[in-house]
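This report describes one protein model in plain terms. It takes up charged pairs, strands, one arginine and the ligand in turn.

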Amino acid sequence: MQAALGGAVDGVLAEYRVFPAHALVKTPQHLTDVEAAALPCAGLTAWSAVVKLGGVKPGRTVLTQGTGGVALFALQFAKMCGARVIATSSSDAKIERLKSLGADVTLNYRNTPDWGRKARELTGQGVDLVVEVGGVGTLNESIRATRIGGTIAFIGVLAGPPPSELRLPLIVLQQQRLQGVTVGSIEDLQAMADAISINGMKPVIDRTFPFDQAKEAFAHMASGARFGKVAIAPGEASAFD
Ligand SMILES: NC(=O)c1ccc[n+]([C@@H]2O[C@H](COP(=O)([O-])OP(=O)(O)OC[C@H]3O[C@@H](n4cnc5c(N)ncnc54)[C@H](OP(=O)(O)O)[C@@H]3O)[C@@H](O)[C@H]2O)c1
């Protein structure tokens, strides 16, 4: 797991790279290479959280946090499974885009810092699954959002330091499951690619930068202005003008 692509090991930002054949799957035919490049990390992590470990079924409710790569894939997979999605963002403009991706309910987590309480109120009993990309900084609200016996798929650490007191006793009292998620297996990647093909699903690519503007791509990532994935493709800037 330490060697997961897109993780701690450098070397994926390359125009050519050799991979062992057993580590590869055929990309869905309807996707461009840039779109397919979003699948092995953000896509597969969301697939594991929602489908494999989350076991989301029609009629269930899933809460996604923000408009990053993992969260948007999670929204799309949850809708594919027939679930209702409550999606959050810090930006009202991005919330409009979440709605067009199929989010049933949206909450601005800046204007509504108690979004977990709000999600619980909206559902009556709480959501079945939270796709937790914020980490300990958002965990208290996620615990509040989740129903008794529900699951928090613990994936990322975007939200910064923990609050002074974590509501861990509530996890016990509500018999919630805190499910760690690390990307997924090659079998899961194949299953996800098949599902994406059958459903004609398209990953959300915010912007594609040419290879010689990789630094600008990372700066754009850090700016917080994006919606979904930022891609770097082979080629020079002129090809993208
Ligand atoms: N466990 C794994 O296998 C695995 C795999 C991939 C990624 N990750 C981790 O999962 C996290 C998400 O990855 P990503 O690639 O989707 O990230 P990303 O694309 O960088 O996500 C950025 C977005 O996250 C949202 N966000 C930031 N702080 C937030 C907060 N406090 N509450 C809610 N949303 C917040 C913002 O959305 P708005 O602008 O809409 O507010 C922001 O635009 C990262 O920590 C990453 O390292 C883990």
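A residue is called buried when its relative accessible area is under 20%, exposed when it is over 50%, and partly exposed in between, using a 1.4 Å probe and protein chains only. The model is a predicted one, in which local features need a pLDDT of at least 70 and side-chain atom pairs count only at pLDDT 80 or more, while totals for chains, interfaces and linings use all residues. Residues are numbered from 1 along each chain as its sequence is written, and side-chain values use heavy atoms, with hydrogens and water left out.

**Salt bridges**

Side chains of opposite charge can pair when their charged atoms come close. Here a salt bridge is counted when a side-chain nitrogen of Lys or Arg lies within 4 Å of a carboxyl oxygen of Asp or Glu. The whole structure contains nine salt bridges. The table gives three of them, including the place of each pair; helices (H or I, at least four residues) and strands (E, at least two) are DSSP runs numbered from the N terminus.

| Pair | N to O distance | Place |
|---|---|---|
| Asp188 and Lys52 | 3.3 Å | helix H8 (residues 186-199) and helix H2 (residues 39-52) |
| Lys99 and Glu96 | 3.1 Å | helix H4 (residues 92-100) |
| Glu121 and Lys118 | 4.0 Å | helix H5 (residues 115-123) |

Asp188 and Lys52 form a salt bridge. Asp188 belongs to H8 and Lys52 to H2, so this pair ties together parts that are 136 residues apart in sequence. Asp188 is buried, at 11% relative accessible area.

The pair in H4 sits within one helix: Lys99 and Glu96 are three residues apart, which is about one helical turn. Lys99 is partly exposed at 42%, and Glu96 is partly exposed at 48%.

Glu121 and Lys118 are likewise three residues apart, in H5, and about one helical turn separates them. Glu121 is exposed, with a relative accessibility of 51%. Lys118 is partly exposed, with a value of 35%.

Salt bridges also link Glu141, Arg144 and Arg167 in a network.

**Strands S1, S2 and S3**

Which residues make up strand S2, and how many of them are buried? S2 covers residues 84-89, and five of its six residues are buried, so the strand is largely enclosed by the rest of the structure. The chain passes from S1 through helix H3 (residues 69-80) to S2 in a right-handed β-α-β crossover. Right-handed means that, with the strands pointing away from the viewer, the path from the first strand over the helix to the second runs clockwise.

Two strands pair if DSSP finds at least two bridges between them. S1 (residues 61-65) and S2 pair in the parallel sense over five bridges. S2 and strand S3 (residues 105-108) also run parallel, joined by four bridges. Thr88 has Leu107 in S3 as its bridge partner. S2, H4 and S3 form a right-handed β-α-β unit. In a regular strand the side chains alternate between the two faces of the sheet.

Thr64 is part of S1, and its bridge partner in S2 is Ala87. Thr64 is buried, with a relative accessible area of 0%. Leaving out residues up to four places away in sequence, Thr64 is in contact (heavy atoms within 4.5 Å) with eight residues' worth of neighbours listed here: Ala71, Ala74, Leu75, Val85, Ile86, Ala87, Thr88 and Val131.

**Arg17**

Where is Arg17? Arg17 lies in the segment before helix H1 (33-37). Arg17 is partly exposed, at 40% relative accessible area. Beyond its neighbours within four places in sequence, Arg17 contacts Leu5, Asp10, Gly11 and Val12.

A polar contact is a pair of N or O atoms within 3.5 Å; within protein, one must be able to donate a hydrogen and the other to accept it, and residues adjacent in sequence count only if both atoms are side-chain atoms. A polar side-chain atom of Arg17 is 3.1 Å from the backbone oxygen of Gly11. From Arg17 to Met221 the C-alpha to C-alpha distance is 24 Å, and the two are 204 residues apart in sequence.

**The ligand**

A residue is near a molecule if one of its heavy atoms lies within 4 Å of it. There are 23 residues around the ligand, and Thr67, Ser89, Ser90, Tyr109 and Arg226 come nearest. A polar side-chain atom of Ser90 is 2.6 Å from an oxygen atom of the ligand. A backbone N or O atom of Ile155 is 3.2 Å from a ligand nitrogen atom. A polar backbone atom of Val157 is 3.0 Å from an oxygen atom of the ligand.
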